[in-house]
Amino acid sequence: MPAAPPPVLAPRRKTRKIKVGKVDVGGDAPVSVQSMCTTQTTDINGTLQQIAALTAAGCDIVRVAVPTSDDALALKAIATKSQIPVIADIHFQPKYVFAAIDAGCAAVRVNPGNIRKFDDQVKEIAKAASDAGVSIRIGVNAGSLDPRLLAKYGKATAEALVESAVWEASLFEEHGFHDFKISVKHNDPVVMVRAYQLLSERGDWPLHLGVTEAGPAFQGTIKSATAFGALLSQGIGDTIRVSLSAPPVEEVKVGIQILQSLNLRPRKLEIVSCPSCGRAQVDVYTLAEKVTAGLEGLEVPLRVAVMGCVVNGPGEAREADLGVASGNGKGQIFVKGEIVKTVPEALIVETLIEEAMRIAETMEKTAEGGAPTVTVG
Ligand code: SF4
(Lines give C-alpha, C1' and ligand atoms only; values in the text may rest on other atoms or scores of the structure.)
Protein backbone atom coordinates (compact mmCIF):
# COMPACT_ATOMS: atom_id res chain seq x y z
CA MET A 1 0.00 0.00 0.00
CA PRO A 2 1.44 3.42 -0.91
CA ALA A 3 2.49 5.53 2.08
CA ALA A 4 0.08 8.31 3.11
CA PRO A 5 1.24 11.75 2.00
CA PRO A 6 2.98 13.68 4.76
CA PRO A 7 0.69 16.03 6.70
CA VAL A 8 0.36 19.70 5.77
CA LEU A 9 -0.77 22.57 7.98
CA ALA A 10 -3.81 23.47 5.89
CA PRO A 11 -5.42 22.32 2.68
CA ARG A 12 -4.53 24.45 -0.32
CA ARG A 13 -7.05 27.15 -1.01
CA LYS A 14 -8.97 26.38 -4.21
CA THR A 15 -7.74 28.60 -7.03
CA ARG A 16 -8.25 28.59 -10.76
CA LYS A 17 -5.57 26.65 -12.60
CA ILE A 18 -3.60 28.41 -15.30
CA LYS A 19 -0.71 27.35 -17.48
CA VAL A 20 2.71 28.91 -17.58
CA GLY A 21 4.00 26.93 -20.53
CA LYS A 22 4.31 23.33 -19.39
CA VAL A 23 3.90 24.23 -15.71
CA ASP A 24 0.43 24.38 -14.17
CA VAL A 25 -0.08 27.05 -11.53
CA GLY A 26 -3.05 27.02 -9.17
CA GLY A 27 -5.76 24.45 -8.64
CA ASP A 28 -4.27 21.15 -7.54
CA ALA A 29 -0.88 21.85 -9.13
CA PRO A 30 2.09 21.67 -6.77
CA VAL A 31 3.40 25.01 -5.57
CA SER A 32 6.08 25.95 -8.10
CA VAL A 33 9.36 27.78 -7.55
CA GLN A 34 10.37 30.73 -9.68
CA SER A 35 13.42 32.90 -10.01
CA MET A 36 14.59 35.75 -12.19
CA CYS A 37 17.73 36.04 -14.29
CA THR A 38 20.26 38.65 -13.27
CA THR A 39 21.93 38.66 -16.67
CA GLN A 40 21.27 41.23 -19.36
CA THR A 41 18.56 39.66 -21.48
CA THR A 42 20.45 40.78 -24.59
CA ASP A 43 23.25 38.45 -23.47
CA ILE A 44 21.46 35.42 -24.82
CA ASN A 45 24.18 32.87 -24.04
CA GLY A 46 24.76 34.22 -20.56
CA THR A 47 21.04 34.21 -19.86
CA LEU A 48 20.63 30.66 -21.16
CA GLN A 49 23.56 29.52 -19.03
CA GLN A 50 21.96 31.05 -15.97
CA ILE A 51 18.63 29.45 -16.84
CA ALA A 52 20.39 26.08 -17.19
CA ALA A 53 21.90 26.51 -13.71
CA LEU A 54 18.49 27.48 -12.32
CA THR A 55 16.88 24.48 -14.02
CA ALA A 56 19.51 22.18 -12.51
CA ALA A 57 18.80 23.68 -9.08
CA GLY A 58 15.10 22.81 -9.43
CA CYS A 59 13.63 26.10 -10.65
CA ASP A 60 10.26 25.55 -12.36
CA ILE A 61 9.73 28.91 -14.07
CA VAL A 62 12.15 31.73 -14.88
CA ARG A 63 11.61 35.41 -15.56
CA VAL A 64 13.73 37.76 -17.61
CA ALA A 65 13.62 41.55 -17.72
CA VAL A 66 12.63 43.30 -20.92
CA PRO A 67 13.48 46.99 -20.52
CA THR A 68 14.54 47.68 -24.14
CA SER A 69 13.71 46.67 -27.68
CA ASP A 70 17.01 44.76 -27.88
CA ASP A 71 15.89 42.69 -24.89
CA ALA A 72 12.59 42.02 -26.62
CA LEU A 73 14.52 40.85 -29.70
CA ALA A 74 16.48 38.37 -27.57
CA LEU A 75 13.35 36.72 -26.17
CA LYS A 76 12.74 34.32 -29.03
CA ALA A 77 16.10 32.58 -28.75
CA ILE A 78 15.82 32.42 -24.97
CA ALA A 79 12.22 31.16 -24.91
CA THR A 80 13.01 28.55 -27.58
CA LYS A 81 16.10 27.15 -25.92
CA SER A 82 15.13 27.36 -22.27
CA GLN A 83 14.13 24.04 -20.71
CA ILE A 84 11.73 25.78 -18.35
CA PRO A 85 8.98 28.28 -19.14
CA VAL A 86 10.18 31.85 -19.60
CA ILE A 87 8.19 34.84 -18.37
CA ALA A 88 8.89 38.27 -19.85
CA ASP A 89 8.90 41.01 -17.22
CA ILE A 90 7.51 44.15 -18.77
CA HIS A 91 6.94 47.66 -17.47
CA PHE A 92 5.81 50.78 -19.26
CA GLN A 93 6.00 49.50 -22.84
CA PRO A 94 2.92 47.58 -24.01
CA LYS A 95 4.60 46.87 -27.34
CA TYR A 96 7.02 44.53 -25.58
CA VAL A 97 4.07 42.50 -24.29
CA PHE A 98 3.14 41.72 -27.87
CA ALA A 99 6.79 41.06 -28.73
CA ALA A 100 7.05 38.60 -25.84
CA ILE A 101 3.90 36.79 -26.90
CA ASP A 102 5.18 36.59 -30.48
CA ALA A 103 8.56 35.38 -29.23
CA GLY A 104 6.99 32.32 -27.60
CA CYS A 105 7.32 33.34 -23.97
CA ALA A 106 5.15 31.22 -21.69
CA ALA A 107 3.79 34.22 -19.82
CA VAL A 108 4.13 37.94 -19.41
CA ARG A 109 4.30 39.95 -16.21
CA VAL A 110 2.67 43.36 -16.29
CA ASN A 111 2.65 45.96 -13.55
CA PRO A 112 -0.55 47.85 -12.77
CA GLY A 113 1.64 50.63 -11.38
CA ASN A 114 2.28 51.47 -15.00
CA ILE A 115 -1.27 50.64 -16.01
CA ARG A 116 -2.02 53.93 -17.63
CA LYS A 117 0.45 52.92 -20.30
CA PHE A 118 -1.39 49.62 -20.69
CA ASP A 119 -4.88 50.95 -20.09
CA ASP A 120 -6.02 51.28 -23.64
CA GLN A 121 -4.41 48.05 -24.70
CA VAL A 122 -5.72 45.53 -22.18
CA LYS A 123 -8.24 44.29 -24.73
CA GLU A 124 -5.54 43.71 -27.37
CA ILE A 125 -3.18 42.18 -24.83
CA ALA A 126 -5.91 39.83 -23.60
CA LYS A 127 -6.73 38.76 -27.16
CA ALA A 128 -3.10 38.25 -28.19
CA ALA A 129 -2.34 36.29 -25.01
CA SER A 130 -5.48 34.23 -25.34
CA ASP A 131 -4.79 33.40 -29.00
CA ALA A 132 -1.24 32.34 -28.18
CA GLY A 133 -2.11 30.42 -24.99
CA VAL A 134 0.07 32.78 -22.99
CA SER A 135 -0.80 33.62 -19.39
CA ILE A 136 -0.26 36.91 -17.59
CA ARG A 137 0.93 37.85 -14.14
CA ILE A 138 -0.55 40.99 -12.70
CA GLY A 139 2.41 41.99 -10.60
CA VAL A 140 1.60 44.75 -8.13
CA ASN A 141 4.65 46.05 -6.33
CA ALA A 142 4.80 48.44 -3.36
CA GLY A 143 7.70 50.28 -4.97
CA SER A 144 5.79 51.08 -8.13
CA LEU A 145 2.23 51.42 -6.92
CA ASP A 146 -0.19 53.36 -9.10
CA PRO A 147 0.24 57.05 -8.08
CA ARG A 148 -3.55 57.40 -7.81
CA LEU A 149 -3.62 54.73 -5.10
CA LEU A 150 -0.57 56.16 -3.37
CA ALA A 151 -2.42 59.47 -3.18
CA LYS A 152 -5.55 57.75 -1.87
CA TYR A 153 -3.89 55.59 0.81
CA GLY A 154 -0.86 57.76 1.60
CA LYS A 155 1.50 54.79 1.19
CA ALA A 156 1.59 51.26 -0.16
CA THR A 157 -0.72 49.64 2.37
CA ALA A 158 -2.06 46.11 2.03
CA GLU A 159 -5.42 47.58 1.01
CA ALA A 160 -3.79 49.76 -1.65
CA LEU A 161 -1.91 46.80 -3.14
CA VAL A 162 -5.10 44.74 -3.23
CA GLU A 163 -7.16 47.54 -4.77
CA SER A 164 -4.61 47.89 -7.52
CA ALA A 165 -4.59 44.15 -8.21
CA VAL A 166 -8.34 43.73 -8.15
CA TRP A 167 -8.85 46.67 -10.45
CA GLU A 168 -6.32 45.33 -12.94
CA ALA A 169 -7.87 41.87 -12.73
CA SER A 170 -11.26 43.37 -13.53
CA LEU A 171 -9.85 44.98 -16.66
CA PHE A 172 -8.70 41.61 -17.99
CA GLU A 173 -11.87 39.87 -16.88
CA GLU A 174 -14.02 42.46 -18.65
CA HIS A 175 -12.42 41.19 -21.83
CA GLY A 176 -13.09 37.59 -20.97
CA PHE A 177 -9.47 36.84 -20.07
CA HIS A 178 -8.92 34.72 -16.98
CA ASP A 179 -5.52 33.12 -17.51
CA PHE A 180 -3.68 35.27 -15.04
CA LYS A 181 -2.19 35.05 -11.61
CA ILE A 182 -1.60 37.90 -9.23
CA SER A 183 1.14 39.08 -6.92
CA VAL A 184 0.98 41.90 -4.36
CA LYS A 185 4.56 42.27 -3.21
CA HIS A 186 5.84 44.41 -0.39
CA ASN A 187 9.20 44.43 1.36
CA ASP A 188 7.56 44.24 4.78
CA PRO A 189 6.43 40.65 5.45
CA VAL A 190 3.59 41.85 7.69
CA VAL A 191 2.08 44.11 5.01
CA MET A 192 2.74 41.48 2.36
CA VAL A 193 1.03 38.69 4.32
CA ARG A 194 -1.97 40.91 5.03
CA ALA A 195 -2.22 41.90 1.37
CA TYR A 196 -2.28 38.27 0.20
CA GLN A 197 -4.80 37.34 2.89
CA LEU A 198 -7.10 40.15 1.75
CA LEU A 199 -6.59 39.30 -1.90
CA SER A 200 -7.33 35.62 -1.37
CA GLU A 201 -10.73 36.62 0.05
CA ARG A 202 -11.59 38.57 -3.08
CA GLY A 203 -11.32 35.91 -5.76
CA ASP A 204 -10.01 32.53 -6.82
CA TRP A 205 -7.04 33.86 -8.74
CA PRO A 206 -3.87 31.83 -8.44
CA LEU A 207 -1.38 33.77 -6.35
CA HIS A 208 2.33 34.29 -6.89
CA LEU A 209 3.97 34.94 -3.52
CA GLY A 210 6.90 37.27 -3.11
CA VAL A 211 8.49 39.57 -0.56
CA THR A 212 9.97 42.20 -2.80
CA GLU A 213 13.48 43.52 -2.19
CA ALA A 214 13.77 41.10 0.71
CA GLY A 215 17.44 41.93 1.11
CA PRO A 216 20.75 40.07 1.28
CA ALA A 217 20.71 36.29 1.55
CA PHE A 218 20.40 35.99 5.33
CA GLN A 219 17.72 38.62 5.88
CA GLY A 220 15.91 37.83 2.65
CA THR A 221 15.75 34.15 3.48
CA ILE A 222 14.24 34.85 6.88
CA LYS A 223 11.75 37.40 5.57
CA SER A 224 10.66 35.10 2.76
CA ALA A 225 10.45 32.01 4.94
CA THR A 226 8.43 33.91 7.53
CA ALA A 227 6.00 35.45 5.06
CA PHE A 228 5.63 32.41 2.80
CA GLY A 229 5.34 30.15 5.82
CA ALA A 230 2.54 32.29 7.26
CA LEU A 231 0.62 32.22 3.97
CA LEU A 232 1.32 28.68 2.83
CA SER A 233 0.39 27.37 6.26
CA GLN A 234 -3.05 28.91 5.61
CA GLY A 235 -3.22 27.30 2.17
CA ILE A 236 -2.52 30.60 0.37
CA GLY A 237 -0.02 30.63 -2.49
CA ASP A 238 0.37 28.75 -5.76
CA THR A 239 3.84 29.73 -6.89
CA ILE A 240 6.68 31.44 -5.05
CA ARG A 241 9.67 33.58 -5.80
CA VAL A 242 12.24 34.29 -3.11
CA SER A 243 13.95 37.61 -3.91
CA LEU A 244 17.51 37.80 -2.64
CA SER A 245 20.42 40.11 -3.26
CA ALA A 246 22.33 36.96 -4.09
CA PRO A 247 22.79 34.65 -7.10
CA PRO A 248 19.36 33.44 -8.26
CA VAL A 249 20.26 29.78 -7.71
CA GLU A 250 20.24 30.65 -4.00
CA GLU A 251 16.66 31.90 -4.37
CA VAL A 252 15.65 28.55 -5.79
CA LYS A 253 17.37 26.59 -3.03
CA VAL A 254 15.62 28.68 -0.38
CA GLY A 255 12.25 28.37 -2.13
CA ILE A 256 12.51 24.60 -2.40
CA GLN A 257 13.60 24.32 1.22
CA ILE A 258 10.60 26.37 2.35
CA LEU A 259 8.23 24.10 0.45
CA GLN A 260 9.94 20.96 1.75
CA SER A 261 9.77 22.23 5.32
CA LEU A 262 5.99 22.61 4.98
CA ASN A 263 5.60 19.21 3.31
CA LEU A 264 4.47 20.95 0.14
CA ARG A 265 7.28 19.18 -1.70
CA PRO A 266 8.78 15.80 -0.93
CA ARG A 267 11.69 16.23 1.43
CA LYS A 268 15.07 15.18 0.15
CA LEU A 269 18.25 15.34 2.12
CA GLU A 270 17.60 16.70 5.59
CA ILE A 271 20.38 17.22 8.10
CA VAL A 272 19.17 17.16 11.69
CA SER A 273 22.03 18.62 13.67
CA CYS A 274 22.07 19.83 17.21
CA PRO A 275 23.06 23.43 18.03
CA SER A 276 25.84 22.13 20.29
CA CYS A 277 26.28 23.17 23.91
CA GLY A 278 28.60 22.75 26.82
CA ARG A 279 28.02 19.00 26.75
CA ALA A 280 29.25 18.61 23.16
CA GLN A 281 32.14 16.23 22.88
CA VAL A 282 32.85 16.92 19.21
CA ASP A 283 32.91 20.01 17.00
CA VAL A 284 29.30 19.73 15.84
CA TYR A 285 29.43 22.72 13.49
CA THR A 286 32.34 21.35 11.51
CA LEU A 287 30.90 17.86 11.55
CA ALA A 288 27.50 19.07 10.27
CA GLU A 289 29.09 21.26 7.61
CA LYS A 290 31.32 18.47 6.34
CA VAL A 291 28.46 15.97 6.22
CA THR A 292 26.21 18.51 4.47
CA ALA A 293 28.92 19.29 1.91
CA GLY A 294 29.68 15.61 1.38
CA LEU A 295 26.03 14.79 0.70
CA GLU A 296 25.17 17.84 -1.40
CA GLY A 297 23.04 16.95 -4.40
CA LEU A 298 21.75 13.68 -2.96
CA GLU A 299 18.32 13.22 -4.49
CA VAL A 300 16.76 10.84 -1.98
CA PRO A 301 14.63 11.60 1.08
CA LEU A 302 17.37 10.88 3.59
CA ARG A 303 17.29 12.22 7.12
CA VAL A 304 20.73 12.37 8.69
CA ALA A 305 21.20 13.26 12.35
CA VAL A 306 24.47 14.78 13.52
CA MET A 307 24.43 15.05 17.30
CA GLY A 308 27.10 16.33 19.64
CA CYS A 309 26.71 14.10 22.66
CA VAL A 310 24.91 11.19 24.16
CA VAL A 311 22.05 13.20 25.78
CA ASN A 312 19.76 13.65 22.78
CA GLY A 313 22.15 12.09 20.33
CA PRO A 314 21.04 8.48 20.42
CA GLY A 315 17.35 9.44 20.40
CA GLU A 316 17.62 11.70 17.36
CA ALA A 317 20.05 9.40 15.62
CA ARG A 318 17.58 6.54 16.09
CA GLU A 319 14.70 8.58 14.59
CA ALA A 320 16.69 9.43 11.49
CA ASP A 321 17.55 7.16 8.57
CA LEU A 322 21.16 7.60 9.51
CA GLY A 323 22.83 9.32 12.40
CA VAL A 324 25.74 9.74 14.68
CA ALA A 325 25.80 10.28 18.42
CA SER A 326 29.24 11.40 19.48
CA GLY A 327 31.09 11.07 22.75
CA ASN A 328 34.43 10.10 24.25
CA GLY A 329 36.24 10.63 20.97
CA LYS A 330 33.98 8.18 19.19
CA GLY A 331 30.83 8.20 17.12
CA GLN A 332 28.07 5.64 17.33
CA ILE A 333 26.65 5.27 13.82
CA PHE A 334 22.92 4.50 13.65
CA VAL A 335 21.01 3.22 10.65
CA LYS A 336 17.25 3.17 11.10
CA GLY A 337 17.57 3.11 14.84
CA GLU A 338 20.21 0.42 15.14
CA ILE A 339 23.84 0.98 16.02
CA VAL A 340 25.74 -0.45 13.08
CA LYS A 341 29.21 0.56 14.15
CA THR A 342 31.27 2.74 16.44
CA VAL A 343 34.11 4.65 14.84
CA PRO A 344 36.84 7.01 16.04
CA GLU A 345 35.92 10.69 15.80
CA ALA A 346 38.27 11.20 12.85
CA LEU A 347 36.27 8.68 10.81
CA ILE A 348 32.76 9.94 11.59
CA VAL A 349 32.36 12.10 8.47
CA GLU A 350 33.61 9.54 5.98
CA THR A 351 31.62 6.76 7.63
CA LEU A 352 28.41 8.78 7.53
CA ILE A 353 28.96 9.68 3.87
CA GLU A 354 29.72 6.06 2.97
CA GLU A 355 26.61 4.84 4.78
CA ALA A 356 24.49 7.59 3.23
CA MET A 357 25.62 6.62 -0.25
CA ARG A 358 24.85 2.99 0.44
CA ILE A 359 21.39 3.83 1.74
CA ALA A 360 20.74 6.20 -1.17
CA GLU A 361 21.60 3.42 -3.60
CA THR A 362 19.17 1.09 -1.85
CA MET A 363 16.47 3.76 -1.93
CA GLU A 364 16.99 4.41 -5.63
CA LYS A 365 16.82 0.68 -6.42
CA THR A 366 13.62 0.24 -4.49
CA ALA A 367 12.03 3.51 -5.64
CA GLU A 368 10.51 1.89 -8.72
CA GLY A 369 8.84 -0.72 -6.59
CA GLY A 370 7.21 1.71 -4.15
CA ALA A 371 8.22 3.53 -1.02
CA PRO A 372 11.94 3.54 -0.38
CA THR A 373 13.24 1.26 2.32
CA VAL A 374 16.50 1.33 4.16
CA THR A 375 18.35 -1.79 5.06
CA VAL A 376 20.75 -2.01 7.94
CA GLY A 377 24.07 -3.11 6.53
S1 SF4 B 1 22.82 16.80 21.57
FE2 SF4 B 1 24.19 17.08 23.31
S3 SF4 B 1 25.70 18.55 22.56
FE4 SF4 B 1 24.00 18.68 21.16
S5 SF4 B 1 22.79 20.36 22.01
FE6 SF4 B 1 21.92 18.45 22.82
S7 SF4 B 1 22.91 18.19 24.79
FE8 SF4 B 1 24.15 19.72 23.64
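Questions on a predicted model

Me: Is Gly58 buried, partly exposed or exposed in this predicted model?
Reply: Buried would require a relative accessible area under 20% and exposed one over 50%, with partly exposed in between. The relative accessibility of Gly58 is 23%, so the residue counts as partly exposed.

Me: Where is Gly58 found, and which residues does Gly58 touch, not counting residues up to four places away in sequence?
Reply: Gly58 is found in the loop between α1 (44–57) and β4 (61–65). Once residues up to four places away in sequence are set aside, the residues that Gly58 touches are Val252, Ile256 and Arg265.

Me: What distance separates the C-alpha atoms of Gly58 and Lys336?
Reply: Along the chain, Gly58 and Lys336 are 278 residues apart. In space, the separation between their C-alpha atoms is 28 Å.

Me: How many helices and strands are there in the protein, and what share of its residues count as buried?
Reply: The protein has 13 helices and 15 strands, and its C-alpha trace spans about 75 × 40 × 40 Å along the principal axes. Among contacts with a separation of 6 or more, 62% join residues 24 or more positions apart. Of the 377 residues of the protein, the share that counts as buried is 51%.

Me: Which residues of the largest nonpolar core touch the most other members, and which helix gives the largest share of this core?
Reply: In soluble globular proteins, nonpolar side chains tend to be buried together. Here the largest nonpolar core has 80 residues, of which Ile136, Phe172, Phe228 and Leu232 touch the most other members. The largest share of this core is 9 residues, and these come from helix α7 (residues 158–174).

Me: How many residues are in the second, separate core?
Reply: This core includes Val284, Leu298, Val343 and Ile359. It is separate from the core described above, and its residues number 29.

Me: Why do the rings of Phe172 and Phe177 count as a tilted pair?
Reply: Ring centres must lie within 6.5 Å to pair, and planes under 30 degrees apart would be stacked while those over 60 would be edge-to-face. The centres of the Phe172 and Phe177 rings are 5.7 Å apart and their planes stand at 50°, so the pair is tilted.

Me: Which residues form the aromatic cluster, and how many aromatic pairs are there?
Reply: The rings of Phe172 and Phe180 also pair, with centres 6.1 Å apart and planes at 40°, so this pair too is tilted. Phe172 is buried at a relative accessible area of 1%, and Phe180 is buried at 0%. Phe172, Phe177 and Phe180 form one aromatic cluster, and the count of aromatic pairs is 2.

Me: Which residue lies over the face of Phe180, and at what distance from the ring centre?
Reply: For a charge to sit over a ring, CZ of Arg has to be within 6 Å of the ring centre and within 35 degrees of the ring normal. The residue over the face of Phe180 is Arg16, at a distance from the ring centre of 5.9 Å.

Me: How do the residues of the shell around the ligand divide into nonpolar, polar and charged?
Reply: The ligand is surrounded by Cys274, Pro275, Ser276, Cys277, Arg279, Ala280, Met307, Gly308, Cys309, Val311 and Asn312. In this division Cys and Pro count as nonpolar, Arg as charged and Gly as polar. The shell thus comes to 7 nonpolar, 3 polar and 1 charged.

Note on methods:
Residues numbered from 1 in each chain as written. Predicted model: local features only at pLDDT ≥ 70, side-chain atom pairs only at ≥ 80, totals over all residues. Heavy atoms only, no water. Near = heavy atom within 4 Å. Phe/Tyr/Trp six-rings, centres within 6.5 Å; stacked < 30°, edge-to-face > 60°. Buried < 20%, exposed > 50% of the residue type's maximum accessible area, 1.4 Å probe, protein only. Core = buried A, V, L, I, M, F, W, Y, C linked by side-chain atoms within 4.5 Å. Helix = DSSP H or I, 4+ residues; strand = E, 2+ residues; numbered from the N terminus. Contact = heavy atoms within 4.5 Å.
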